[in-house]
Amino acid sequence: QVLLVESGGGVVQAGGSLRLSCAASGRIWNNYEMGWFRQAPGKEREFVVGINWSGGRTNIADSVKGRFTISRDYAKNTFYLQMNSLKPEDTAVYYCAARYSGSSTTPTANRRSYDYWGQGTQVTVSS
C-alpha cells in the first residue's frame, strides 16, 4: 500500500511560481512511476508530468514543457512539481499519483494506469 499526501498549493499571480510536494509512505522502490495530474472544473483529469523513481526518466505534457519540472528526493521519499511562469489556464486541482511499472522506462501519461492517488491540492492562478 502506498499513501500519497500533496502540499504546496495556493493562489499565485500569472507569471509566478509554486512548488508542489508529494510525500509518499509505504513501499516505494525501484521501478515505480510517479506522476502529477490536474483537473480543472468541467474537464477531465489530465497528465502533467511523470518521473521514473529509479532511473529518473521523465515525461512532460506539451502544455507545460519548459515551465514545469518534476524531481524526487530519495531520502525524504518525496517528489516535487516545480511550476514556473504560471498561467491562468494552469488553474486546477493537482493530484500526485504512483504506480508500479516493473521497469525504468518513460512514465506513462495514462491516468488509468496509476494505482495510488493523493487527495489533491488546489492551484489558482490569477490574471
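Cys96 is buried, at a relative accessible area of 0%. Keep that residue in mind for the first exercise, and remember that the model here is a predicted one.

**Exercise 1. The disulfide**

Task: work out which residue Cys96 is bonded to through sulfur, and what that bond ties together.

Solution, step by step:

1. Start with the chemistry: a disulfide is a covalent bond between the sulfur atoms of two cysteines.
2. Apply the cut-off of 2.5 Å between sulfur atoms. Cys22 and Cys96 pass, with an S to S distance of 2.1 Å. The count for the model is one disulfide.
3. Now place the two ends. Cys22 belongs to strand S3 (residues 18–26) and Cys96 to strand S9 (residues 92–100), so the bond ties together parts that are 74 residues apart in sequence.
4. Check the handedness: the torsion about the S-S bond of Cys22 and Cys96 is about 60 degrees, so this disulfide is right-handed.
5. Finally, look at exposure. Cys22 is buried at 0% relative accessibility, and Cys96 is buried with a value of 0% too.

**Exercise 2. Salt bridges**

Task: find out which residues are linked in a network of salt bridges, then look at a pair that links distant parts of the chain.

Solution, step by step:

1. Get the total: the model has six salt bridges.
2. Take Glu46 and Arg38. Their closest N and O atoms are 2.6 Å apart, inside the 4 Å cut-off.
3. Compare the exposure of the two partners. Glu46 is partly exposed, with a relative accessible area of 36%, whereas Arg38 is buried at 6%.
4. Move on to Arg67 and Asp90, where the closest N and O atoms are 2.7 Å apart. Arg67 sits in the loop between strand S6 (58–60) and strand S7 (68–73), and Asp90 in the loop between strand S8 (78–83) and S9, so the pair ties together parts that are 23 residues apart in sequence. Both Arg67 and Asp90 are buried.
5. Put the pieces together: the network consists of Arg38, Glu46, Arg67 and Asp90.
6. For the distant pair, go to Arg111 and Glu44, with closest N and O atoms 3.5 Å apart. Arg111 lies in the loop between S9 and strand S10 (116–117), Glu44 in the loop between strand S4 (32–39) and strand S5 (46–52), and 67 residues separate them.
7. Sort these two by exposure: Arg111 is partly exposed at 23% relative accessibility, while Glu44 is exposed at 58%.

**Exercise 3. Rings and charges**

Task: classify the ring pair of Phe37 and Trp117, and say which cluster the two belong to.

Solution, step by step:

1. Count first: there are eight aromatic pairs.
2. For Phe37 and Trp117, the ring centres are 5.0 Å apart and the planes stand at 55 degrees, so the pair is tilted.
3. Locate them: Phe37 is in strand S4 and Trp117 in strand S10, so the pair ties together parts that are 80 residues apart in sequence.
4. Add exposure. Phe37 is buried at 0%, but Trp117 counts as partly exposed at 27% relative accessibility.
5. Extend the picture: ring pairs join Phe37, Phe47, Tyr95, Tyr114 and Trp117 into a cluster.
6. Look for charges over rings. Arg45 lies over the face of Tyr95, 3.6 Å from the ring centre. The charged end of Arg19 sits over the ring of Tyr80, at 4.2 Å from its centre.

**Exercise 4. The four-stranded sheet**

Task: which strands stand at the edges of the open sheet, and how are neighbouring strands turned against each other?

Solution, step by step:

1. Write down the order: the four strands run S1-S3-S8-S7, with antiparallel pairing.
2. Read off the edges. S1 and S7 each have a single partner strand, so one side of each is left without a neighbour in the sheet.
3. Take the angle: neighbouring strands here are turned by 20 degrees against each other on average, direction ignored.
4. Zoom in on S7 and S8, which pair in the antiparallel sense over six bridges. One partnership to check is Phe68 with Met83 in S8.
5. End on the S1 edge. Val2 is in strand S1 (residues 2–7) and counts as buried at 4% relative accessibility. Its C-alpha atom is separated by 22 Å from that of Asn59, a residue 57 positions away along the chain.

Conventions: Residues numbered from 1 in each chain as written. Predicted model: local features only at pLDDT ≥ 70, side-chain atom pairs only at ≥ 80, totals over all residues. Heavy atoms only, no water. Helix = DSSP H or I, 4+ residues; strand = E, 2+ residues; numbered from the N terminus. Buried < 20%, exposed > 50% of the residue type's maximum accessible area, 1.4 Å probe, protein only. Salt bridge = Lys/Arg side-chain N within 4 Å of Asp/Glu carboxyl O. Phe/Tyr/Trp six-rings, centres within 6.5 Å; stacked < 30°, edge-to-face > 60°. Lys NZ or Arg CZ within 6 Å of the ring centre and 35° of its normal. Pairing = 2+ DSSP bridges. Axes fitted to C-alpha atoms, helices over the stretch in contact; angles between N-to-C directions.
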